[in-house]
Amino acid sequence: MMTKEQYIESLRKMNLKVYLMGELVDNPVDHPMILPSMNSVAMTYELAEKPEYRELMTATSNLTGKTINRFCHLHQSTDDLVKKVKMQRLLGQKTAACFQRCVGMDAFNAIYSTTYEIDKKHGTEYHKRFTDYLKFVQENDLTVDGAMTDPKGDRGLSPSKQADADLYLRIVKVLPEGIVVRGAKAHQTGAVNSHEHLIMPTIAMKEEDADYAVAFAVPSDADGVVMIYGRQSCDTRKMEPGADIDLGNARFGGHEALVIFNDVFVPNERIFMCREYDFAGMMVERFAGYHRQSYGGCKVGVGDVLIGASALAADYNGAAKASHIKDKLIEMTHLNETLYACGIACSAEGESMPAGNYIVNLLLANVCKQNITRMPYEIARLAEDIAGGLMVTMPSEQDFRSSEVGPYIEKYLVGVAGVSTENRMRILRLIENITLGTAAVGYRTESMHGAGSPQAQRVMIARQGDIEGKKLLAKEIARINEGQNG
Ligand code: SF4
Ligand code: FE
């Protein structure tokens, strides 16, 4: 496994093409706006080195028998699925941000099982290719961007019916030694901090969309790959000289990017689906299922930090003993643990697939993510309630450091005796960061849209909910015999 330092160095050696605010970034690893997000991924390496976290952070590879980082693992049991969620909660607690590496892990598990089933039906050799690829990933302990979401253009039209044929990523040329692909993947979590991009289709497809049914892997610095870094609320605070208090979370963050594939060549050994449109839906459903489970871990860990910050804000205000504050903290905890319960439940109810790795219970994973589209919003609302308006009206760190006006801030923004004004500012800025700032991308809007928007889960809940089976239960209890009674 790589150490944190080796990970950072390995990224530095890559020749990534990253644009940020209109400019080509010289070295993303050293850019102040990107660095905190890289620190979050680095934490997945750092914790794996620590004996106290080994049980959660590492696993034994079923492919090589070696100890690997759990982020590169194929889940071999429901216990593995549960440990995955616990690991994600831990990392959410340690970073209070999106640590990005889960998308690759979720893609590995979805592609491994789907390629097995494609080969069974079509006599192809994708599963062996993917197994070899994953061994390479495990051996080198790589971070991989599991990429699913296409830009999608007119949502009312299928991929092949779009005005611009590139609005879904597609195969533009098939050569004896590989394929050439063109298109883009949007909202790519951790793209700039990843060694590889692992691409999947984004929806179920019909025969006319066969050119869009493609899965493959390329290095992040492959010829023709261009990344455009996503903006976040308050992101340029990170560019302010010496910024610290105002960042709320100076060390960690997350990011998304728009990743362009300009006629990128993919050699045969890295192609894992090539026009088998009948399996696009299966791959999507499995990846989405795993990633909806993931949110029952990561968002809960960030929620833990937000609840702790809210409790501290109340302590520092002198409001901690008020019964309504206590009750709000209880409500936040109740909501957060409900999310965790969903993450654990869909894991404990997982099942093995024909390829041998385990899948979550899809109904429960979709219920988990549906709750995630709601409860973090309520938790954030309560955090803002407890924090008070100062969270968004407080003067800047520069004013606090100023010899002229700093003493006023020190004097008038103080809370209870024994707590410095600076500490009070720090905790309020952390709440701001998670609810409204850079981390709000991950805690709020990503809770809504990441791993699929709410309606996508409702479609799956409808499909998995077995209403007909439930009708039979009701008929049995009500002693209905439709044959007799019409
Ligand atoms: Fe992992 Fe959560 Fe970020 Fe998805 S949103 S990559 S599950 S930390
Ligand atoms: Fe996400």
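A residue counts as near a molecule if one of its heavy atoms lies within 4 Å of it. The structure is a predicted model, in which local features need pLDDT of at least 70 and side-chain atom pairs count only at pLDDT 80 or more, while totals for chains, interfaces and linings use all residues. Residues are numbered from 1 along each chain as its sequence is written, chains are lettered from A and ligands numbered from 1 in the order in which they are written, and side-chain values use heavy atoms, with hydrogens and water left out.

**Exercise 1.** Describe the shell around ligand 1 and name the helix that gives the largest share of it.

*Solution.* Begin with the residues that surround ligand 1, which are Cys98, Phe99, Gln100, Cys102, Thr189, His291, Ser294, Tyr295, Cys298, Lys299 and Glu446. Next, sort them by class (Ala, Val, Leu, Ile, Met, Phe, Trp, Tyr, Cys and Pro count as nonpolar, Asp, Glu, Lys and Arg as charged, and the others, Gly among them, as polar), which gives five nonpolar, four polar and two charged residues. Finally, assign them to helices (DSSP runs of H or I, at least four residues, numbered from the N terminus): helix 7 supplies the largest share, with five residues.

**Exercise 2.** Identify the protein donors of the iron ion, ligand 2, and place them in the chain.

*Solution.* Donors are N, O and S atoms within 2.8 Å of the metal (3.2 Å for Na, K and Ca), and since water is not among the atoms, sites may look incomplete. By this criterion the protein donors are Tyr295 (OH) and Glu446 (OE), at 2.2 to 2.4 Å from the ion. Tyr295 belongs to helix 7 (residues 280-317) and Glu446 to helix 15 (residues 440-449), so that the pair, 151 residues apart, links distant parts of the chain. Both donor residues are buried, a term that denotes under 20% relative accessible area, with exposed over 50% and partly exposed in between (1.4 Å probe, protein chains only).

**Exercise 3.** Compare Arg275 with Ala451 in location, phi and accessibility.

*Solution.* Most residues other than glycine have a negative phi. Arg275, in the loop between strand 12 (271-274; strands are DSSP runs of E, at least two residues) and helix 7, nevertheless has a positive phi of about 85 degrees. Ala451, in the loop between helix 15 and helix 16 (454-464), has a positive phi of about 60 degrees. As for accessibility, Arg275 counts as partly exposed because its relative accessibility is 41%, whereas Ala451 counts as buried because its value is 15%.
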